[in-house]
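Thank you for sending this structure for comment. The remarks below are set out as numbered points.

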Amino acid sequence: MMTMRAAVMQQTKQPLTIRDVELGPLKPGDVLVKIGASSICHTDLEVLEGELKYPLPIILGHEAAGTIAEVGADVSDLSVGDMVALHWNPHCGHCYYCDHDQPILCEPYTKNRAVGHHYDGECRHQMDGEDLHMLMYLGGFAEYAIVPRQSAVKMPDGMPVDRACLLGCGVMTGFGAASNVARTAWGETAAIIGCGAIGLSAVQGARMNGASKIIAIDLDDKKLEITKICGATHTINASKGDAVAEVKALSSGRGADAVYECAGSERVFQESIMMCRPGGQVVWLGKVNVDQHVSFKWGALMGERRIVRSSYGGARPEQDFPAMADAYLNGQLKLDEMITGRIALDEINDGFDLLRRGEAIRTVIMM
Ligand SMILES: [Zn+2]
Ligand SMILES: [Zn+2]
């Protein structure tokens, strides 16, 4: 057992508190990671606002990277000092869903995640003598994390830790949506609605997989400027016109071959279908409150469109993370532009305020 500092969520809609908590002990299949950087994702905010329900108290944070501080007795392929990016989809490899090549639905993964403890269903955190929960098997807003070996992916030399953490959720989700889920083909037209970290990554996934026309749509001109650095060929400020009509005008009246919904609002879910061509693909990445109903005109769903929901961009972190890190290091994948601020753990509530106000793409907590 060790003592460390962590940002703890004790109640919904209340500021996190920085507390001393106990972590450990390490089990044979675990690694102990000294967190170097941890960024705030919209899902963390959804938990804090009570839109996604988890047992409390809990350590949020699921986009994190750091260095291996200790390895469990059964871990032979990672060493102390290795830099790793963490992912939140440990999976068993042999349940019904893993066998159907859907690790994101892995049975033990899904079951234990809701409990808010470690992947084996047991608790590794204590506070004031009571069990403390962790979000998505990481609990990244802390000085250290204990994760199963498979959740830690070694980074190539030279990868900065504050860029590495971004790969863990938003970048993987957006980039993977275009590369793994929609399987973008050369010459396609892609439309991306909502240009936060996920949307900016979908723009880049579309570009790097060969889309020739990439239409970025947002309400914020500053974010639209960044999409151009990331590879958008056209931008639309949806507050100034009819985005559906503009996408159709840019695609010979048909609509885009692939549409990525990265905004998380009912209206955008509806529009994502309307701006997709018949026979095209719609990938939903955003979320609304789990109890909210979203309605569609039945006619809008006709036309053989393929509508897919993806929560992690078809992630295969052991393949995708090092490849994305290499793409960053050789200048193909833009990550610097997503970091809108760097703060200390004590300033974490300021980071959440920025996200609430829509003023952050990614605020990175430097440990
Ligand atoms: Zn499984
Ligand atoms: Zn996330």
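The points that follow move from the whole chain to its sheets, its helices and one chosen residue.

1. Overall character. The model is predicted. Its chain contains 11 helices and 18 strands. The radius of gyration is 20 Å, close to the 21 Å that the globule rule gives for 367 residues, so the chain is as compact as a globular protein of that length. Along the principal axes, the C-alpha atoms fill a box of roughly 65 × 40 × 40 Å.

2. Burial and contacts. Of the 367 residues, 50% count as buried. Among contacts in the chain with a separation of 6 or more, 69% are accounted for by residues 24 or more positions apart.

3. The open sheet. Six strands form an open sheet in the order 13-12-11-14-15-16, with parallel pairing. Its edges are strand 13 (234–237) and strand 16 (306–309), each of which pairs on one side only. From one strand to the next, the twist averages 15°.

4. A strand pair within that sheet, and its helix. Strand 11 (residues 189–193) and strand 12 (residues 213–218) run parallel and are joined by five bridges. One residue to inspect here is Thr 189, whose bridge partner in strand 12 is Lys 213. Helix 7 (residues 221–230) packs on the sheet, where it touches strand 12 and strand 13. The direction of helix 7 makes about 170° with that of strand 13.

5. The barrel. Five strands close into a barrel, and their order is 1-2-7-8-4. In contrast to the parallel pairing of the open sheet, the pairing in the barrel is mixed. Strand 2 (residues 17–23) and strand 7 (residues 125–127) run antiparallel, with two bridges joining them. Leu 23 has His 125 as its bridge partner in strand 7. As background, strands of a sheet pair through backbone hydrogen bonds, either parallel or antiparallel.

6. Geometry of helix 10. Helix 10 comprises 13 residues (residues 317–329), which should span 18 Å at 1.5 Å a residue; the end C-alpha atoms are 17 Å apart, which agrees. After the helix comes Gly 331, with a positive phi near 90°.

7. The two sides of helix 10. Which residues of this helix are buried? They are Pro 317, Asp 320, Phe 321, Met 324, Ala 325 and Tyr 328. Viewed down the helix axis, these buried residues fall within an arc of 125°, so they line one face of helix 10. Glu 318 and Gln 319, on the other side, are exposed. The elements covering the buried residues include strand 6 (83–86), strand 10 (152–154), helix 4 (161–164) and helix 5 (170–181).

8. Leu 354. This residue is found in helix 11 (residues 348–356). Is Leu 354 buried or partly exposed? Leu 354 has 18 other C-beta atoms within 10 Å, and a residue needs 20 or more to count as buried, while 12 or fewer would make it exposed; Leu 354 is therefore partly exposed. Setting aside neighbours within four places in sequence, Leu 354 is in contact with Gly 341, Glu 359, Ala 360 and Thr 363. Leu 354 and Tyr 109 are 245 residues apart in sequence, and their C-alpha atoms are 31 Å apart in space.

Definitions and conventions
Residues numbered from 1 in each chain as written. Chains lettered and ligands numbered in written order. Predicted model: local features only at pLDDT ≥ 70, side-chain atom pairs only at ≥ 80, totals over all residues. Helix = DSSP H or I, 4+ residues; strand = E, 2+ residues; numbered from the N terminus. Rg over C-alpha atoms; globule rule 2.2 N^0.38 Å. Contact = placed C-beta atoms within 7 Å. Expected span 1.5 Å × (residues − 1). Arc of directions from axis to C-beta. Pairing = 2+ DSSP bridges. Axes fitted to C-alpha atoms, helices over the stretch in contact; angles between N-to-C directions.
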